[in-house]
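Please open the model in your viewer with both the cartoon and the side chains available. The stops below each begin with a selection and then say what to look for there.

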Amino acid sequence: MVAFIIRRLIQSLFVMFIVALVSFAMFQFIGDPVNQMVGIETSLAERAALRERLGLNDPIVLQFWHYIVNAVSGDFGISYQHKRPVAQMLLERLPATLELSAVSALLSLIVGIPMGVYTGLNRDGFLAKIFLTVSLIGISLPTFLIGILLIFVFSVTLANIAPIPVFGLFAIDLSVLQLPSFGRGTTVDLGGWRTGLLTTDGLKALIMPSITLGLFQLTLIMRLVRSEMLEVLRTDYIKFARARGLSNRAVHFGHALKNTLVPVITITGLQIGSLIAFAIITETVFQWPGMGQMFLQAVQNVDIPIMAAYLMLIAFFFVIINLVVDMLYYVVDPRLRVDTGKVSGHG
Amino acid sequence: MAELHVSAPTPRTALLLDPLRRFFDGDIWASFKRSPVTIAAAIVTLLYFTMALFGPWIAPYDPFDLAKLDLLDSLLPPVWTADGDPRYLLGTDDQGRDMLSAIIYGSRVSLLIGFASVLLSMGLGIGLGLVSGFVGGAIDAFIMRIAEIQLSFPAILVALLINGVVIGYFKTHPEWQVDQVTLAYIVLVLSIGLSNWVQYARTVRGSTLVERGKEYVQAARVIGIHPAKIMVRHILPNVMGPVLVIATIQLALAVITEATLSFLGVGVPPTEPSLGTLIRVGNDYLFSGEWWVTIFPGAALAILVLAVNLLGDWLRDALNPKLR
């Protein structure tokens with residue numbers, strides 16, 4: 001186990017090194033960063049002084065070394081456009097993105113796993129077929145289109161709909177279902193972490209963005225759990241459990257579902273990284289003030305320090321998540337523990 | 001039987017007809033005929049391709065010709081609503097552009113960029129995959145490591161990064177004289193193409209590793225054929241099946257990526273809009289009630305992607321001998 005973790009750590013460091021190399025190389029592509037940072041009226045002498053101060057006259061390998069050292073200590077340079085430290089800007093926007101991604105991941109698990117179990121158990125059921133068809137459409141629709149459709153239904157149409165009278169007795173006013181379509185609503189500051197999870201307003205603002213972001217993953221998990229359930233239900237130990245007279249409930253959830261969890265953990269882990277990246281699109285549609293929105297503005301304005309820092313941050317998340325997922329295997333799957341015990345015993 | 005074949009001279013048309021006849025007698029056509037969903041998807045895809053190819057002759061107006069636009073016609077609703085104008089079937093956008101024509105031209109732009117970027121990533125992926133699998137050793141390890149790292153990032157993120165870098169490169173190198181639209185095309189094809197080569201490379205490498213050990217490759221080596229020629233002429237034809245499946249699914253993905261990038265504002269400019277740009281422009285009018293400006297291009301995009309995806313799914317199953 002220890003040897004395995006060390007090996008994974010070395011691999012992760014290698015990945016981070018490559019990503020740092022790519023981020024650093026992006027700066028070289030755009031030509032002279034001094035031109036990006038100063039105005040037209042800056043004199044040549046001032047430019048030269050700035051070059052010297054930024055260390056741009058050093059050999060390229062030394063520059064790369066400085067870049068890595070700075071990045072490790074949390075210094076990603078100054079944004080070309082905003083003239084502010086990039087690390088600080090990212091930190092301000094991190095809570096918004098992380099909350100959105102976490103709620104989406106949670107939503108896709110809470111809804112996706114039961115739907116997967118249901119469609120797996122009732123293969124030919126009417127409802128199961130509907131779930132599958134809807135999920136196919138969900139996979140084919142681009143993220144931003146889902147967001148636009150949700151806004152169209154819940155923010156535009158419901159806002160304009162007149163109360164529907166029922167038998168002249170009372171009226172159903174659907175416009176109370178109307179949902180906010182931009183921003184985070186009211187946020188509360190918890191020691192530097194601005195959260196929208198503590199106000200009704202903030203929670204309401206989360207509904208549509210998290211559905212938009214989580215829908216793809218939801219369908220993915222549903223299909224995964226379904227196919228795994230179908231596979232597991234055919235195995236001998238399930239037949240044996242039934243022969244022992246265990247209840248359906250015990251067989252389905254105690255025996256079958258448990259054994260579908262390893263791939264679900266893998267996919268969920270891998271997808272959390274993609275969720276953070278795909279938040280770029282969702283944040284744009286719903287004007288969610290997160291890191292993705294800032295990254296997109298950086299791409300439009302060729303603000304390389306932000307792009308590079310964002311890339312490194314995402315890579316860091318990916319690496320950490322992959323490590324955690326690998327360790328979770330050991331917790332979930334006892335066979336792995338036995339196997340490595342044998343291997344290390346031999347060695 | 002053999003004598004019959006020898007005695008009867010083969011007519012020239014047989015050369016053309018035989019592969020066709022083999023195709024229509026074969027398993028693939030049979031499985032195609034059996035699946036009504038696939039037939040429908042194929043028809044829809046063909047419609048889109050025709051629309052894209054012959055757009056200028058089909059579309060009622062030329063949406064790119066700014067001189068012909070009339071602002072008085074702007075934001076007209078579709079024909080079947082109360083205020084609809086019979087001249088514009090699906091209504092008009094904020095510039096007075098006919099939505100139907102804009103969608104036809106937009107599909108053309110979307111499919112053009114989609115095909116070009118699929119070709120780029122296919123060429124790159126096949127080349128690197130062949131070299132990786134055939135040469136092996138350090139080159140193989142290097143290419144596959146890069147592929148793994150790139151694969152762990154979502155394609156859209158890689159595309160956005162490449163997009164930003166390429167735009168920045170052209171901005172700071174004014175010696176490349178390109179206009180805005182051409183630049184957008186180049187940037188999009190490069191960023192989508194370069195972010196999707198990994199799948200091809202991994203698949204081709206896998207099949208190449210299998211083919212490399214077979215006798216016909218060894219025979220070709222023994223008689224001294226150049227390795228490059230063995231790769232292209234001998235191995236490549238035998239690994240193309242899975243590549244075609246990937247290419248079909250990747251076309252849908254490329255169209256989605258293009259639309260997403262254009263929607264995010266780093267794609268095709270609004271003067272010659274793709275479907276994604278149309279949705280982006282229309283999105284501004286969603287709240288003021290002009291839903292048709294964004295919903296119709298959105299539907300056009302969703303139907304195109306769904307149809308191509310269904311075709312890809314079917315092709316994957318049809319070419320997979322295990323499922324027959």
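Select Phe296(B) first and display what surrounds it: leaving aside its neighbours within four places in sequence, Phe296(B) is in contact with Leu90(B), Met99(B) and Ile103(B). This residue sits in helix H14 of chain B, and in this predicted model it counts as buried, because 23 other C-beta atoms lie within 10 Å of its own, where 20 or more are required. For a sense of distance, add Glu175(B), which is 121 residues away from Phe296(B) along the chain and whose C-alpha atom is separated from that of Phe296(B) by 40 Å.

Next, zoom out until the whole of chain B is in view. Its C-alpha atoms fill a box of roughly 75 × 55 × 35 Å along the principal axes, and the chain contains 14 helices and zero strands. Of its 324 residues, 44% are buried, and among contacts with a separation of 6 or more, 70% join residues that are 24 or more positions apart.

Now colour chain B by confidence. The average pLDDT of the chain is 81, with 90% of residues scoring at least 70; the lowest mean, 47, belongs to helix H1 (residues 2–7), and the highest, 90, to helix H6 (residues 99–135). Over residues 1–7 of chain B the pLDDT stays under 50, and the model has zero contacts for this stretch beyond four places in sequence. For the model as a whole, ipTM is 0.79 and pTM is 0.82.

Show both chains and select where they meet: 35 residues of chain B are in contact with 31 residues of chain A. On the chain B side, helices H8 (155–172), H12 (227–263), H13 (275–283) and H14 (292–319) each supply at least two residues, and H8(B) gives the most, with 12 residues. That side of chain B divides into 23 nonpolar residues, 11 polar residues and one charged residue.

From there, select Met307(A). Apart from its neighbours within four places in sequence, Met307(A) is in contact with Met26(A), Phe295(A), Ala298(A) and Val299(A), and also with Leu161(B) and Gly164(B). Met307(A) and Phe295(A) are the residues with the most contacts inside the largest nonpolar core, which has 158 residues.

Stay with chain A and select helix H5, residues 86–121. Its 36 residues should span 52 Å at 1.5 Å a residue, and its end C-alpha atoms are 50 Å apart, which agrees. Look along H5(A) to Arg93(A), where the helix bends by about 40°, and note that a proline, Pro95(A), follows within four residues.

Return to chain B for the loop between H12 and H13, where Gly267(B) is placed. Is Gly267(B) buried or exposed? Gly267(B) counts as buried, because it has 27 C-beta neighbours inside 10 Å. Beyond its neighbours within four places in sequence, its contacts include Ala184(B), Leu188(B), Glu258(B) and Thr277(B). Val181(B) lies 86 residues from Gly267(B) along the chain, yet their C-alpha atoms are separated by 9.4 Å.

Finish at helix H11 of chain B, residues 215–222, where the number of buried residues among the eight is zero, so the helix lies largely in the open. H11(B) is followed by Gly224(B), whose phi is positive, near 85°.

Key. Residues are numbered from 1 along each chain as its sequence is written. Chains are lettered from A and ligands numbered from 1 in the order in which they are written. This is a predicted model: local features need pLDDT of at least 70, side-chain atom pairs count only at pLDDT 80 or more; totals for chains, interfaces and linings use all residues. A residue is buried if 20 or more other C-beta atoms lie within 10 Å of its own, exposed if 12 or fewer, and partly exposed in between; C-beta atoms are placed from the backbone. Two residues are in contact if their C-beta atoms, placed from the backbone, lie within 7 Å. Ala, Val, Leu, Ile, Met, Phe, Trp, Tyr, Cys and Pro count as nonpolar, Asp, Glu, Lys and Arg as charged, and the others, Gly among them, as polar. pLDDT is the predictor's confidence in each residue, from 0 to 100. The expected span of a helix is 1.5 Å times one less than its number of residues. The bend at a residue is the angle between axes fitted to the seven residues ending there and the seven starting there. A nonpolar core is a set of buried Ala, Val, Leu, Ile, Met, Phe, Trp, Tyr and Cys residues joined through C-beta atoms within 7 Å.
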